[in-house]
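Reader: I would like to learn how to read a structure like this one, feature by feature. Could you walk me through it?

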Amino acid sequence: MDCCRHVNPLRACSGLRGLGYLMLAFVAAIVAVSYYAVVVYTWGPLLLGGGGAAAGAAAVLVVFHLLLAMIIWCYLMVVFTDPGAVPENWRHASEEDGIDVNSRIISDNWDATYPTSEGQRAQRYCSRCQNGKPPRCHHCSVCNRCVLKMDHHCVWVVNCVGARNYKYFLLFLVLLKHFDLQFHAYH
């Protein structure tokens, strides 16, 4: 059983990065097909045909283009914004101020905090990054680094969702849902 102790089953997760780049192309294809279906096939002919339907088609196309631009902007911001990394040699403020926090407790369970005798929390340490870990910081096995306020690693954006890109991720989801509701109402 000692031979299996050092096996990392999450090592296969690093293959998700390659899959993620295919997802970027897949999202671009979905945007292109949606654009064709809404603008060229459905509302474009009504706009060019004139009559009473042209004003309604123009309004729908304006809303469509605004929502699509915001969705693409939010998506690109999630993909290209760094989710937040832990600075090199990060230390908790109590360590910098000279307050004794006993000693840093490092064990096999590296992702937990441990109560000390005074009721304080001992500092967390990432054994993979060999660095201290702030609260709500987690190590991503796909990105192979610690991410501040990590929510999850999203294959669709080939990035972790963390402290610095969480806002764009939520905006992307809300806009996508609004976009879906807006244009299913017309069919």
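Reader: Let me start with a single side chain: from which backbone oxygen does a polar atom of the side chain of N165 lie 3.0 Å?

Author: A polar contact is a pair of N or O atoms within 3.5 Å; within protein, one must be able to donate a hydrogen and the other to accept it, and residues adjacent in sequence count only if both atoms are side-chain atoms. Here the partner is the backbone oxygen of C160, 3.0 Å from a polar atom of the N165 side chain. Before we go on, note that this is a predicted model, where local features need pLDDT of at least 70, side-chain atom pairs count only at pLDDT 80 or more, and totals for chains, interfaces and linings use all residues. Residues are numbered from 1 along each chain as its sequence is written, and side-chain values use heavy atoms, with hydrogens and water left out.

Reader: Is N165 buried or exposed, and which residues is it in contact with?

Author: Buried means under 20% relative accessible area, exposed over 50%, and partly exposed in between (1.4 Å probe, protein chains only). N165 counts as buried because its relative accessibility is 0%. A contact means heavy atoms within 4.5 Å. Leaving aside neighbours within four places in sequence, N165 is in contact with M77, V78, T81, P83, N159 and C160. N165 itself sits in the loop between β6 (159–161) and α4 (166–184).

Reader: You mention helices and strands; how many of each does the chain have?

Author: Helices (H or I, at least four residues) and strands (E, at least two) are DSSP runs, numbered from the N terminus. This chain has 4 helices and 6 strands, in the order α-α-α-β-β-β-β-β-β-α from the N terminus on. Of its 187 residues, 32% count as buried. Among contacts between residues at least 6 apart in sequence, 50% join residues at least 24 apart.

Reader: Which residues have the most contacts inside the largest nonpolar core?

Author: In soluble globular proteins, nonpolar side chains tend to be buried together. A nonpolar core is a set of buried Ala, Val, Leu, Ile, Met, Phe, Trp, Tyr and Cys residues joined through side-chain atoms within 4.5 Å. The largest one here has 23 residues, and W43, F64, Y75 and V157 have the most contacts inside it. At least two residues of this core come from each of α1 (16–49), α2 (53–80) and α4. The largest share, 11 residues, is supplied by α2. There is also a second, separate core of 6 residues, which includes C140, V147, M150 and C160.

Reader: For a pair distant in sequence, how far apart in space are V27 and V157?

Author: A handy habit is to set the two separations side by side. V27 and V157 are 130 residues apart in sequence and 9.2 Å apart in space, C-alpha to C-alpha. V27 lies in helix α1 and is buried, with a relative accessible area of 15%. Not counting residues up to four places away in sequence, V27 touches Y75 and W156.

Reader: On to charges: how many salt bridges does a search of the whole structure find?

Author: A salt bridge is a side-chain nitrogen of Lys or Arg within 4 Å of a carboxyl oxygen of Asp or Glu. The search finds 2. In one, R145 pairs with D82, the closest N and O atoms being 2.6 Å apart. R145 lies in strand β4 (residues 145–147) and D82 in the loop between α2 and α3 (93–96), so the pair ties together parts 63 residues apart in sequence. R164 also forms a salt bridge with D82, with the closest N and O atoms 3.6 Å apart. Since R164 lies in the loop between β6 and α4, and D82 in the loop between α2 and α3, this pair ties together parts that are 82 residues apart in sequence. Through shared partners, D82, R145 and R164 are joined into one network. As for exposure, R145 is partly exposed at 24% relative accessibility, and D82 is partly exposed at 33%.

Reader: Last, the backbone: where is N144, with its positive phi, found?

Author: N144 is in the loop between β3 (138–140) and β4. Its phi is near 60°, a positive value in a residue other than glycine, and N144 counts as exposed at 55% relative accessibility. V158 has a positive phi too, near 50°. V158 is placed in the loop between β5 (152–154) and β6 and is buried, with a relative accessible area of 9%.
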